[in-house]
Amino acid sequence: MRESSFDFSTTLGSAWFPAPVFTASGCASSGRELSQFFPLDEIGAVVTKSVMLKERLGRPTPRMAETPSGMLNSIGLQGPGIDAFLAKDVPWLVENKARVIVSIAGETVDEYGVLARRLRSVPGISAVEVNISCPNVDNRGLVFACDPESAKAVVESVRRTLAGDLPIIVKLSPDVTNIASIARVVVDAGADALALINTLLGMVINTDTMFPHLGGKTGGLSGPAIRPVAVRAIFQVHEALPKVPILGMGGVRTGRDAFEMILAGASGVSVGTASFGNPTALIDVQNELKQLLISKGFNSVQEAVGFAHRPSKANP
Amino acid sequence: MSSINRHSQQVVATILSNKRVGQYHQILINVGEIVKHCKPGNFVAIKVGGDHSSLILRRAFAISRVSDRGEYGGTMELIVAPHGSGSRWLCTQEVGSSLDLVAPLGTPFGIPTEPVQALLIGGGYGSAPLFGLAEVLKARGCRVDMILGASTVAKIYAPIEGKRSVNSLKIYTEDGSTGEMGKVTDPLPSLISEGAVDVIYSCGPMGMLQAISGITSNTDVVHQCAVEESMACGVGICMTCVLPVRKSDGSIAMLRSCIDGPVMDGSSVAWELVGKNAMTP
Ligand SMILES: Cc1cc2nc3c(=O)[nH]c(=O)nc-3n(C[C@H](O)[C@H](O)[C@H](O)COP(=O)(O)O)c2cc1C
Ligand code: FES
């Protein structure tokens with residue numbers, strides 16, 4: 001396979017991207033900060049920090065704790081609110097030729113609908129990621145992704161508003177007993193694609209103060225420590241719903257990690273925590289992934305998606 | 001904001017020397033061209049633990065001093081206290097080993113355009129970047145006085161050559177093991193009321209910065225402090241390092257200490273809200 005004829009593009013629903021590597025929501029701020037280290041149009045797309053209806057200050061510090069091969073964060077969806085976000089951040093990204101996936105988070109089912117309506121006629125957005133799985137909220141009831149009924153209601157509300165305007169990617173939590181069944185519910189409710197996985201709920205206790213270390217007590221675990229959980233979730237959901245595109249994430253640090261997720265069934269891969277340790281991680285992952293796919297003899301990303309599900313030679 | 005880290009670069013640099021000084025390590029790194037853009041108050045984010053480490057986050061260190069002369073070209077000095085797994089790793093690195101670093105990062109100290117009476121206050125190894133700052137202020141014609149403090153003598157960082165760049169140096173220790181027994185804030189009220197200070201530059205533990213801000217509030221003294229919050233990324237993308245800052249309309253914003261800091265205006269930080277729930281803007 002020669003590099004020039006290799007097809008590195010991918011699709012999520014009706015959205016097309018020239019490369020399958022994306023930022024992860026909340027791990028690239030508004031995009032400007034990373035553009036210091038590489039041109040944003042070189043990656044598949046920027047997935048923006050989950051935006052809410054109103055400005056939000058988030059949780060108190062400390063907001064992070066490093067853990068073995070991972071970290072806990074409790075940001076609590078700090079952000080400027082949808083008005084300021086659409087006025088400042090999206091135009092800047094579009095001007096800088098980045099493809100944009102906007103992540104939204106609401107406190108109620110209706111809020112998701114309102115947020116979706118605000119996005120409908122905004123130029124330059126490729127898709128909407130519906131974050132129903134953020135663990136950093138005061139009321140765990142807000143984790144819509146842990147309850148099939150609420151998950152369904154949110155996705156229906158967004159679907160109704162967006163009609164066919166923008167592909168809807170729904171982001172799920174790994175903190176459930178059966179992720180494939182939640183996936184099925186949100187796809188039936190109108191999701192075009194799924195983002196797997198959000199962080200896992202965790203806690204660190206400071207043994208000097210003998211209190212929980214984080215200001216918000218609990219936090220979301222991310223980084224290489226959670227990669228096997230993510231690969232498992234992607235594998236199970238792809239097995240149950242082979243036609244539904246998946247944006248995979250959770251601990252991807254190298255091209256090899258991204259390749260593993262594609263083999264499990266991901267059509268694209270988001271890189272989050274790895275950018276904190278290496279501001280050019282996205283570019284490194286993308287270059288390594290491309291070389292790896294070519295060296296394994298694939299002609300396109302698409303050919304490799306879910307390749308680990310093929311019948312094995314021993315027992316077909 | 002997007003202009004703040006305009007000159008920062010990721011480079012692989014070589015350790016030129018690593019010496020123990022009291023309870024700290026003085027580490028000199030050959031970083032090349034980027035020293036041209038390093039200003040007092042900037043910091044560096046260093047990858048720690050080696051390629052197969054379970055430490056996935058960079059560690060931020062204040063740049064103590066840079067030089068673009070000398071036989072090695074651009075060099076950067078850090079003063080590191082080996083108190084966590086990352087800083088301990090750095091302190092064990094030998095001369096000649098490579099470091100992956102990103103620098104310069106963050107908002108540096110503001111340098112006055114007119115000569116002023118500057119008071120530099122450092123707590124523990126927080127004094128490190130103040131000596132480089134003193135040289136810059138001196139070159140601008142400022143009077144530069146310095147007060148350093150720590151719990152005990154071994155935690156004072158005050159290199160002999162650094163003392164030359166200040167007009168006066170006073171040291172306080174809580175146990176009286178060197179200098180005067182007491183805290184760096186003890187002499188402040190009288191220095192301020194005598195009119196001996198126009199600008200305070202401070203670097204050290206948050207409690208010290210807050211105490212200085214308390215003393216300078218309701219005075220004309222400007223207080224530029226370099227804050228310390230735990231940082232996951234150092235480049236503005238994670239939102240873990242925020243501090244509550246009062247905007248001109250009185251409302252609170254959570255600003256990133258890595259990008260909007262580490263140097264902040266002490267009078268605008270809502271110290272009483274640090275670590276508290278500020279929830280509604
Ligand atoms: C500091 C931080 C902030 C995050 N904020 C969001 C967010 O606003 N919305 C969201 O859907 N996911 C958020 N996430 C989750 C990531 O998008 C991603 O799903 C998760 O971290 C796993 O990927 P990683 O291991 O590559 O970071 C956040 C993660 C981190 C570490
Ligand atoms: S350390 Fe990540 S935003 Fe400041």
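Is Glu94(B) buried or exposed? In this predicted model, Glu94(B) is exposed, because its relative accessible area is 61% and the cut-off for exposure is over 50%. The residue sits in the loop between α1 (85-91) and β7 (98-105) of chain B. Its C-alpha atom lies 44 Å from that of Ala196(B). Along the chain, Glu94(B) and Ala196(B) are 102 residues apart.

A recorded annotation also covers part of chain B. An unreviewed UniProt entry lists residues 8-115 of chain B as "domain: FAD-binding FR-type". In the model, this span is 42% strand and 6% helix. The C-alpha atoms at its two ends are separated by 29 Å.

Chain B as a whole contains five helices and 16 strands. Its radius of gyration is 18 Å, and the globule rule gives 19 Å for 281 residues, so chain B is as compact as a globular protein of that length. Its C-alpha atoms fill a box of roughly 50 × 45 × 40 Å along the principal axes. Buried residues account for 53% of the 281. Among contacts in chain B with a separation of 6 or more, 64% link residues 24 or more positions apart. The chain exposes about 11,900 Å², and carbon and sulfur atoms supply 50% of that surface. Chain B carries 23 positive and 24 negative charges. The mean positions of these two sets are 4 Å apart.

Chain A has 10 helices and 16 strands. Its radius of gyration is 18 Å, which agrees with the value near 20 Å expected for a compact globule of 316 residues. The C-alpha atoms of chain A occupy a box of roughly 55 × 50 × 40 Å, again along the principal axes. Of the 316 residues, 61% are buried. Residues 24 or more positions apart provide 72% of the chain A contacts that have a separation of 6 or more. The accessible surface of chain A is about 12,000 Å². Carbon and sulfur atoms make up 52% of that area. There are 29 positive and 29 negative side chains in chain A. The centres of the two sets lie 2 Å apart.

Backbone geometry was examined next. Most residues other than glycine have a negative phi, and most peptide bonds are trans. Several sites in the two chains depart from this pattern.

In chain A, the peptide bond between Leu196(A) and Ile197(A) is cis, with omega about 10°. Ile197(A) belongs to the loop between β10 (193-196) and β11 (200-203). Ser69(A) is not a glycine, yet its phi is positive, at about 55°. This serine lies in the loop between β5 (64-67) and β6 (70-73) of chain A. Ser69(A) counts as partly exposed, because its relative accessibility is 22% and the buried class ends under 20%.

In chain B, a cis peptide bond runs from Gly261(B) to Pro262(B), with omega near 5°. Pro262(B) is placed in the loop between β15 (252-256) and β16 (263-265). Asn218(B), a residue other than glycine, has a positive phi near 65°. The loop that holds Asn218(B) lies between α5 (206-216) and β13 (222-226) of chain B. Asn218(B) is exposed, because its relative accessible area is 83%, and the exposed class begins over 50%.

Note on methods: Residues numbered from 1 in each chain as written. Chains lettered and ligands numbered in written order. Predicted model: local features only at pLDDT ≥ 70, side-chain atom pairs only at ≥ 80, totals over all residues. Heavy atoms only, no water. Helix = DSSP H or I, 4+ residues; strand = E, 2+ residues; numbered from the N terminus. Rg over C-alpha atoms; globule rule 2.2 N^0.38 Å. Buried < 20%, exposed > 50% of the residue type's maximum accessible area, 1.4 Å probe, protein only. Contact = heavy atoms within 4.5 Å. Areas by Shrake-Rupley, 256 points an atom, 1.4 Å probe, with all protein chains shown as cover. Lys, Arg positive; Asp, Glu negative; His and termini not counted. Charge placed at Lys NZ, Arg CZ, Asp CG, Glu CD. UniProt positions renumbered as here; feature names shortened; annotations may be inferred.
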